[in-house]
Amino acid sequence: MRLKAALLLTLLAAACPPACPGAWAQELTGTLRKVKERGALTLGYRDASVPFSYLDGNQKPVGYAYEICLKVAEAVKTHLKLDRLEVKLNPVTSATRIPLIANGTIDLECGSTTNNADRQRQAAFTNTHFLTATRFVAKKEKGLDKTDDLKGRTVVSTSGTTGIRQINEINAARGLGMRILPAKDHAEAFLMVETGRADAFVMDDVLLAALVAGAKTPEAYAISSEAQSRPEPYAIMLRKDDAPFKAVVDAATAALYTSPEGRALYDRWFTQAIPPRGINLQLPLSEAMRKVLSSPSDSADPAAY
Amino acid sequence: MLASLDLSVVATSLPYLFGEGMVFTLTLTALAASGGLVLGTGLALLRLSGVPGLTHAAKLYVELMRALPLVLVIFWFYFLVPYLGAWATGAAHPIQVGPFASALVTFTLFEAAYFAEIMRAGIQSIPKGQSAAARALGMSYAQTMRLVVLPQAFRNMLPLLLTQTIVLFQDTSLVYVLSLTDFLGAASKVAQRDGRLVEMYLFAALVYFAVCFAASLLVRRLQTRIAIVR
Amino acid sequence: MTYHWNWGVLFEPSPEGTGTYADMLLSGLAWTVLTALGSWAIAFGLGSVIGVMRTLPSRAANAVGAAYVELFRNVPLLVQMFLWYFVLPELLPERIGAAVKQMPDAPFYTAVLCLGFFTAARVAEQVRAGIRSLPRGQALAGTALGLTVAQTYRFVLLPNAYRIILPPLTSEFLNNLKNTSVALTIGLLELTARARAMQEFSFQVFEAFTAATLLYVAINLVVVAGATLLERRLAVPGGR
């Protein structure tokens with residue numbers, strides 16, 4: 001009897017989308033409902049968050065986080081039993097991503113966004129996909145390595161990031177008298193160091209490593225040994241107070257990270273040549289990252305990892 | 001120094017620069033100019049309507065827009081438009097607005113304030129006797145405006161309207177702050193990816209100059225022609 | 001509506017440790033005003049020279065003036081900002097270029113120069129129009145009195161022209177003030193940039209932008225009031 005009912009329901013569901021709209025849409029809320037009604041999901045991507053989300057040689061978004069989002073989009077499509085789901089793309093910057101999630105312009109933010117308690121008041125985060133600490137990069141010839149070496153220097157960071165906040169706080173707390181310039185995106189900030197406009201660029205170390213690897217003369221740069229923060233979790237961002245959508249996204253990311261596919265995805269972007277110029281970041285899976293992937297968590301607390 | 005410029009980066013990125021960037025810039029300019037003109041004419045009519053509430057509302061809008069820097073207005077609308085959309089349509093959640101649509105709304109509403117001032121001057125330049133004559137012929141207010149005043153105001157102001165459109169064309173480059181891919185956005189993305197700032201920004205400046213200079217020469221020719229007819 | 005208003009945020013301390021968010025916006029306002037005044041000094045001086053050149057009976061002076069105006073009017077301000085900031089130092093001899101880039105407050109000096117040269121083209125057009133609008137007799141009278149060309153401009157033409165173009169100059173001054181916000185792209189911490197930073201740190205988008213909007217409106221009102229006063233003080237008795 002129960003089997004029969006279940007079969008009937010499945011049949012109904014399969015027949016539903018074209019035949020009886022409303023019946024399904026009624027039970028859905030928030031983002032899921034919107035996606036169902038429009039048959040489209042919008043991803044926010046970044047210009048230059050290598051290798052998480054950035055533009056390749058043809059100016060199309062690619063990257064580790066971007067591919068995770070595509071997988072999530074597939075899961076959403078399956079969950080909603082849609083025949084086809086259009087994936088729309090919207091460029092975001094560090095400064096625009098949170099308001100754009102809140103105001104509904106994008107549904108998932110696929111980039112290098114740190115999940116922290118502060119931001120959780122504005123947005124929700126799914127399971128962590130990377131851990132990174134804040135450090136700075138400078139030209140080797142400047143001999144900058146510790147936080148205190150930045151005393152009185154001109155320092156650049158990307159606006160809207162945890163990095164610029166942390167360096168501001170350190171600057172105030174230790175009275176280092178740095179000039180802190182905000183840049184629109186990571187590529188622009190790194191250029192300021194490359195062209196000598198700034199002495200150092202404070203940012204998540206993995207992004208710095210990728211920028212150095214892609215620079216014209218990678219050997220000319222050094223990343224600080226002292227970190228300005230503990231390793232913090234990166235996660236895909238979504239709208240706050242939308243539990244049904246978050247449940248779908250959480251399930252999809254957890255399934256992906258714990259599967260061999262998740263590991264392969266990591267290896268593809270961190271241990272192999274990546275577009276557009278075939279650089280290899282050579283960041284094999286660390287013990288901490290192994291834990292991140294094998295036991296998915298959406299905690300914002302760095303101590304949880 | 002100039003000899004060491006690497007022009008191949010410009011050459012290889014031409015399809016992207018023009019196919020994507022310039023198309024975005026031109027489409028945005030054309031649509032925002034048309035929308036801004038319609039809205040601006042409306043605002044000018046409201047401001048000259050003599051109805052106290054309407055006159056003041058239109059004046060307030062125009063003055064406010066003209067007091068604010070475009071960059072700030074761009075940020076405002078990029079974050080605000082979805083909420084406005086929700087409010088306008090009565091939706092429970094902010095509605096989704098793509099980057100192009102958002103930029104279009106921003107520039108249309110911003111330019112409307114500037115077009116409104118031009119059209120106001122244009123309407124005021126038509127001698128009062130003309131509308132009085134039209135009314136005496138039994139035309140309604142709408143007919144007077146549509147058939148007598150606006151066509152002349154529009155023609156007299158055409159050079160100014162076109163000059164403002166050239167300014168708009170230049171101003172669209174400010175969508176750079178939102179990471180959108182207009183012509184300058186495309187150039188800067190290539191510049192930053194390949195570390196070729198000097199080449200790409202010089203090239204962008206050259207293209208903008210060529211387009212705007214040619215357009216302003218055309219406007220000047222048009223101006224002398226109109227002057228003769230008058 | 002999913003937006004949570006919180007006006008109290010203005011009086012919360014900013015993470016920069018130098019005061020509240022309101023202080024942050026006010027420091028932005030100070031940079032905006034400073035940049036506007038600095039660039040206006042260049043724009044007014046250079047613009048007057050260029051404008052005068054375009055009214056001189058010399059072909060060469062005319063051509064130089066016209067070329068200047070066309071060049072600076074037909075390239076978007078943002079592109080000019082990038083040329084000054086990113087391109088110019090690379091084209092200078094390496095030692096000078098490096099020194100330029102290492103300058104403290106480089107975004108400020110760059111913005112002042114860039115806006116000054118940009119606005120000068122607009123001021124030049126106004127000055128030219130002002131001088132052209134004067135009756136030819138004024139210049140002739142100057143010559144008849146035995147004044148040199150420079151003296152004629154200094155004592156006769158320019159004082160009259162400036163009075164005539166005071167209203168359009170006021171609006172150019174305001175445009176210049178608003179244009180300082182474009183310098184946020186090269187890292188100048190002016191008002192719009194500070195409002196954006198406040199939004200990023202506190203996540204209160206609309207409070208930050210509303211506060212900035214009110215400050216811009218206030219400063220506009222101050223400038224307009226100042227210009228009206230100036231106009232009254234400078235009015236020639238018995239003039240129009």
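Q: Which residue of β4(A) does Leu55(A) stand opposite?
A: This is a predicted model, in which local features need pLDDT of at least 70, side-chain atom pairs count only at pLDDT 80 or more, and totals for chains, interfaces and linings use all residues. Residues are numbered from 1 along each chain as its sequence is written, chains are lettered from A in the order in which they are written, and side-chain values use heavy atoms, without hydrogens and water. Strand β3 (residues 53-55) of chain A pairs with β4(A) in the antiparallel sense over two bridges, pairing being at least two DSSP bridges between strands. Opposite Leu55(A) in β4(A) stands Pro61(A).

Q: Which are the edge strands of the open sheet in chain A?
A: The three strands are ordered β2-β3-β4, with antiparallel pairing. Strands here are DSSP runs of E with at least two residues, and helices are runs of H or I with at least four. Pairing on one side only marks the edge strands, β2 (48-49) and β4 (61-62) of chain A.

Q: How many of the ten residues of helix α8 of chain A are buried?
A: Buried means under 20% relative accessible area (1.4 Å probe, protein chains only). Among the buried residues are Asp205(A), Leu208(A) and Val212(A). Helix α8 (residues 205-214) of chain A is mostly covered, and its buried residues number seven.

Q: Are α1(C) and α9(C) roughly parallel or roughly antiparallel?
A: The axes, lines fitted to C-alpha atoms over the stretch in contact, come within 7 Å and cross at roughly 160°. Angles over 145 degrees count as roughly antiparallel, under 35 as roughly parallel. The crossing angle therefore makes α1(C) and α9(C) roughly antiparallel.

Definitions and conventions:
Axes fitted to C-alpha atoms, helices over the stretch in contact; angles between N-to-C directions. Parallel < 35°, antiparallel > 145°, perpendicular 65-115°, else oblique. Buried < 20%, exposed > 50% of the residue type's maximum accessible area, 1.4 Å probe, protein only.
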